[in-house]
Amino acid sequence: MSERKPFRNFKTKEPSLPIEQKIEKFVLRNSRNGFFTRSSTLAQKFEISESKSWDIIGELLSSGLFESIHDERTGEMKLCETGKIYEIMDLERKRKKEKFRDSKKKKSKN
């Protein structure tokens with residue numbers, strides 16, 4: 001009989017992170033990639049209650065690692081890493097300009 005080889009890529013499952021750490025890593029990753037994280041996104045993405053998400057947001061802001069700003073149009077709170085507000089706002093402005101230019105080019109071709 002043929003002997004079966006053991007499955008080599010089998011890894012033991014690491015314990016999952018608490019929801020607070022998952023959210024913290026998510027916000028950090030977004031701000032390092034040049035995006036704000038909206039407060040409403042957290043409750044939807046991590047499937048937690050809105051009150052729990054606000055508790056976590058409060059903890060993150062009080063830790064000093066994160067800052068918040070409010071959207072000019074909707075008033076919604078947006079989170080980012082401390083010291084990155086103006087950098088991310090500048091990137092957003094550039095993306096909006098580029099999107100506007102692209103839409104103008106598409107309209108002129110038609």
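F46 is buried, with a relative accessible area of 16%. Buried here means under 20% relative accessible area, exposed means over 50%, and partly exposed is what falls in between, worked out with a 1.4 Å probe and protein chains only. Keep in mind that this is a predicted model, where local features need pLDDT of at least 70, side-chain atom pairs count only at pLDDT 80 or more, and totals for chains, interfaces and linings use all residues. Residues are numbered from 1 along each chain as its sequence is written, and side-chain values use heavy atoms, with hydrogens and water left out.

So who is F46 paired with? Let's start with the rule. Rings of Phe, Tyr and Trp (its six-membered ring) pair if their centres lie within 6.5 Å; planes under 30 degrees apart are called stacked, over 60 edge-to-face, and the rest tilted. By this rule the count is one aromatic pair. That pair is F26 with F46, and it is edge-to-face, at 5.6 Å centre to centre and 80° between the planes. The two rings link distant parts of the chain: F26 belongs to helix α1 (residues 19–32), while F46 sits in the loop between α2 (39–45) and α3 (50–63), 20 residues apart. F26 is buried too, with a relative accessible area of 10%.

Now zoom out to the whole chain. How many helices and strands are there? The protein chain has four helices and three strands, and along the sequence they come as α-β-α-α-β-β-α. Helices (H or I, at least four residues) and strands (E, at least two) are DSSP runs, numbered from the N terminus.

The overall shape is worth a look. A compact globule of 110 residues would have a radius of gyration near 13 Å, but this chain has 21 Å. That radius is taken over C-alpha atoms, and the globule rule is 2.2 Å times the number of residues to the power 0.38. The C-alpha trace spans about 70 × 45 × 25 Å along its principal axes. Buried residues make up 26% of the 110 residues.

Here are a few other residues, each with its place and its cover.

| Residue | Place | Relative accessible area |
|---|---|---|
| Q21 | helix α1 | 37%, partly exposed |
| E47 | loop between α2 and α3 | 74%, exposed |
| E81 | strand β3 (residues 77–81) | 17%, buried |
| M89 | helix α4 (residues 85–109) | 30%, partly exposed |

E47 has a quirk: its phi is near 50°, a positive value in a residue other than glycine.

What does E81 touch? Leaving aside neighbours within four places in sequence, E81 is in contact (heavy atoms within 4.5 Å) with L28, S31, R32, L65, F66 and E67. M89, not counting residues up to four places away in sequence, touches F36 and I69.

Distance along the chain and distance in space can tell separate stories. M89 and G34 are 55 residues apart in sequence and 8.5 Å apart in space, C-alpha to C-alpha. Q21 and F35 are 14 residues apart along the chain, and their C-alpha atoms are separated by 19 Å. Across the chain, 46% of the contacts between residues at least 6 apart in sequence join residues at least 24 apart.

Last comes charge. The chain carries 27 positive and 18 negative side chains, and the centres of the two sets lie 10 Å apart. Lys and Arg count as positive and Asp and Glu as negative, with His and the chain ends not counted.

Notes:
Charge placed at Lys NZ, Arg CZ, Asp CG, Glu CD.
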